[in-house]
Amino acid sequence: MSSVFSSEVSPSRATPSAHPVHRLEFASPASEWVEALPLGDGRLGAMVYGGEQEELVWLSEGSVWSGPPRRPAEHPVTAEAARAAIAASRAAIAAGDHVGAEEALQALQHSYPQSFQPLARLRRTVGAPTPEPAPQAEVIPERDHVDTPGSASGYARGLDLRSATAWTRAAAVSQRAYVSAPHQVLVLEVSASGRPVSFVLDSPLRLEQAGADGAEAWAVVRAPDDVVPAYQREADPVRWASDPRGVQAAVVLRGVGDGVRTRATPAGVVVEVDGDATLVLAVRTTFTRLGHDPGADVAPALARARELARTAAAAGTERIHADHVAAHRALYDRAELRLGVAPEPAPGAAADTDALLDAAADGAGAHAGAAPELVALLFQYGRYLLISSSRPGGTPANLQGIWNQQRQPPWSSDFTMNINLEMNYWLAETTSLPECAEPLFDLVEAFAERGREPATRIYGSSGWVAHHASDIWAFADPMGDGTHDPAWAFWPFAGVWLTSHLVDRVTFSHDPEAARRFWPTLCGAARFVLDWLEPRPDGTLGTSPSTSPENRFVAPGTDRTSSVAADATMDLELSRHLLRSLLRLGDTYGLRAGSEALCAEAEAALPRIASVGVDPDGLLREWGDVEEMADPHHRHIAHLVGIHPTDVPPSDLHAAAASRSLDARGDEGTGWSLAWKLAMRARLREPEAVGRLLDLFVRRNVEIEPGPTGGRWRGGLYRNLFSAHPPFQIDGNLGVVAALTECLLQSHAGYLDLLPALPPDLPDGDVRGLRARGDLEVDLSWRGGRLTEVRITSDAPATRRLRVVDGAHERLLELPPGATVRLTASDLSQERPS
């Protein structure tokens, strides 16, 4: 049989092919932010528009947020007030007054997470008068675009995903841009046929100081002390304190070329070069670590940024770029998806991304099978985006990854934790990017510290808690101002869900050190769950009051709706998963010593957690006794969390009810909702449904009027392939990678399940570098919808016995440590299941 994998080369070291699925390419510059091309090193982000005479690059840095919030000595929501609110809500639920139960919980609301901020705007001009830096209030115009449309012929811009390099080629100007992780700098190399080149940096943030000396210019900007989320509809949401405490960022620009001149103005800095030019830009901030206030002195950050810029400039662009590409490819090259059987393109052939979107277009929608290269490109692009926005030592990927141009971004561009933050990281383990999850682990551990106080004050628990949304300061309280909907403002299970990523790390890697590191955090989350579970008259355990993230139901006997009842299915499933995982890890790695009482309590509670119910229509219940949803097509499907991403296969009854529930919800949804439904349909082994959802995911994004089956929450793709909520949210881009992986390989049931939900319209393909639980690497090839080859490599230190399933076939394998076993379809069919 034919395969893209050579038997002589370890699949983890195979070289990806030069193929359009590793490139975005366009024939015109970006006309808006969601057409620009993203670069990032896990800290510094850049959105490159690709202009010819005029270029625009929006800069961001993962630690530049508003805040930190002021933490009063005594919280306005006292322990007495919190206990009274919860007791009142619980009593109202018992009395059947669900509206009253909801209103009672509003007393817990206080404050909100802070907002991720844009850092600066960088403009580059060629052969034209240098524009002056703009004052703070004028930096973001009503329409943000590049004025020059590109040459009539010969213009192209693109992003090479394998080298993490954005480029522009035009008649008289060419440019190469990248953000180097090893050197921690942004580099813009500009060739302009000898004409002068200028760079202008200004910022929507407050300019604290600016200076210039020789070839170097610098600016220090400060983030706001408070940014009110858009949902609170404040007339003046961006606030500056008289005694500022916010993050300060030092931005250093160093010009390389002939006749370099620099100057500072009251609004920013300018670098001018007499001919072809290279700009090296470095950023350092006063951020210290997640959950902690920033430092007060910006001098060390400025000194470090100057050192980085000078060192990189002295090293030279070829050295910087080579180091940058090597570091990027060390992560990016680990996995690759190829779909279809199209011949290899000629070297240098165009990879027109607009043409790919057009090829998939089908009337008002799209058909993924018409452009399998687009689906493969989305797989590669999602991995690229996670590498670019989340690396060790940085902050986690937020709602927009690491990119932003607004001081009041949608949903504060925060860490939304009732699905979005979790979805950002599902692909880290399954597509060989475990390092990229380190910032998430750091945040969870910050919650384990910051979340102890609200757990004690609000719930009387000695564990830790986190709620709906947060920021780099590890905000852990219920959010809102006393008037907001508890459907999202009250949900104390964010920390419980986030611990599943800690469990996955240990389960996928078999890493005893990680198990020991995470054990105290898991114990603290389990302590909260055990304290919050409430005994029922029948001896089971449930939760009350209880919400199911962002959904509402019709209150029985009324024409009003509520979001608060008892025993939300998501609460029960996440509680079950955490306690089960705690006991499994404790036994596997010998961690129970010192936690015997907690483990004994978990063992006693686990079988008592109420089972998930099925309603008269055969649908999985979202709450224990709720019958009618306010919006039967709601985009959130939190009650199906037991299907995905938890790691215990559902019963046949549960799976059938979940499938019917997905049918009733409908396929339509936001980008992230489509991705989660894809993953769930894959777990349920429903490839036709996967195909329908994939068609919706790859369509072009369009704004539509609200309607009964998704309203304006209609996902799709922007021109630069960012996933639309709308607006842009990165969880769709990252979530679809995880969903595609679930279609090709599953390991949650204790064995390898190969091609469990291959979409019918993607009958031919190859994938390498997938990871399975138990420290396994898996490569697959399939033709005509049938598996043709699998290669499995075990990194475990001992020989393992493994069950491999391919449809009706299965086989038991002996996997020596470090060895690769290759099987063909005929090998798998030789042994039938008993």
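Q: Leaving aside neighbours within four places in sequence, with which residues is Asp 160 in contact?
A: Asp 160 is in contact with His 22, Arg 23, Thr 165 and Trp 167, once neighbours within four places in sequence are set aside. This is a predicted model, and the reading that follows applies to that model. Asp 160 has its place in strand β6.

Q: Is Asp 160 buried or exposed?
A: The general idea is a cut-off: a residue is called buried when its relative accessible area is under 20%. Asp 160, with a relative accessible area of 17%, is therefore buried. Its side chain also has a polar atom that lies 2.9 Å from the backbone nitrogen of Arg 162.

Q: Where is Glu 132 found, and how is its accessibility to be read?
A: Residues over 50% are exposed, and those between the two cut-offs are partly exposed. Glu 132 is found in the loop between β5 and β6 (156-160). At 44% relative accessibility, Glu 132 therefore counts as partly exposed. Not counting residues up to four places away in sequence, Glu 132 touches Arg 123, Val 200, Arg 263 and Thr 265.

Q: How many residues apart in sequence are Glu 132 and Ala 675, and how many Å apart in space?
A: Glu 132 and Ala 675 are 543 residues apart in sequence, and their C-alpha atoms are 44 Å apart in space. A second pair may be read in the same manner: Phe 116 and Leu 678 are separated by 562 residues in sequence and by 29 Å, C-alpha to C-alpha. Phe 116 lies in the loop between α2 (98-105) and β5 (120-126). With a relative accessible area of 0%, Phe 116 is buried.

Q: What does the side chain of Glu 686 make a polar contact with?
A: The side chain of Glu 686 makes a polar contact with the side chain of Ser 659, at 2.6 Å. Glu 686 lies in the loop between α17 (671-683) and α18 (687-697). The same 20% cut-off applies here: Glu 686 has 18% relative accessibility and so counts as buried. Apart from its neighbours within four places in sequence, Glu 686 is in contact with Ser 659, Arg 681 and Ala 757.

Q: Why is α18 described as largely enclosed by the rest of the structure?
A: The description rests on a count of buried residues: nine of the 11 residues of α18 are buried, so this helix is largely enclosed. The buried residues include Pro 687, Val 690, Leu 694 and Phe 697. As a general point, an α-helix has 3.6 residues a turn, so residues three or four places apart point the same way. The buried residues of α18 pack against several elements, among them α6 (372-389), α17 and α19 (730-744). Strands β21 (365-366), β28 (716-717) and β29 (723-724) are also among the elements they pack against.

Q: Why is the radius of gyration of the protein chain said to agree with that of a compact globule?
A: A compact globule of 834 residues would have a radius of gyration near 28 Å, and the protein chain has 27 Å, so the two agree. Along its principal axes the C-alpha trace spans about 80 × 70 × 55 Å. The chain comes to 20 helices and 37 strands, and 65% of its residues count as buried.

Q: What share of contacts in the protein chain joins residues at least 24 apart?
A: Among contacts between residues at least 6 apart in sequence, 71% join residues at least 24 apart.

Notes. Residues are numbered from 1 along each chain as its sequence is written. Side-chain values use heavy atoms; hydrogens and water are left out. Helices (H or I, at least four residues) and strands (E, at least two) are DSSP runs, numbered from the N terminus. Buried means under 20% relative accessible area, exposed over 50%, partly exposed in between (1.4 Å probe, protein chains only). The radius of gyration is taken over C-alpha atoms; the globule rule is 2.2 Å times the number of residues to the power 0.38. Contact means heavy atoms within 4.5 Å. A polar contact is a pair of N or O atoms within 3.5 Å; within protein, one must be able to donate a hydrogen and the other to accept it, and residues adjacent in sequence count only if both atoms are side-chain atoms.
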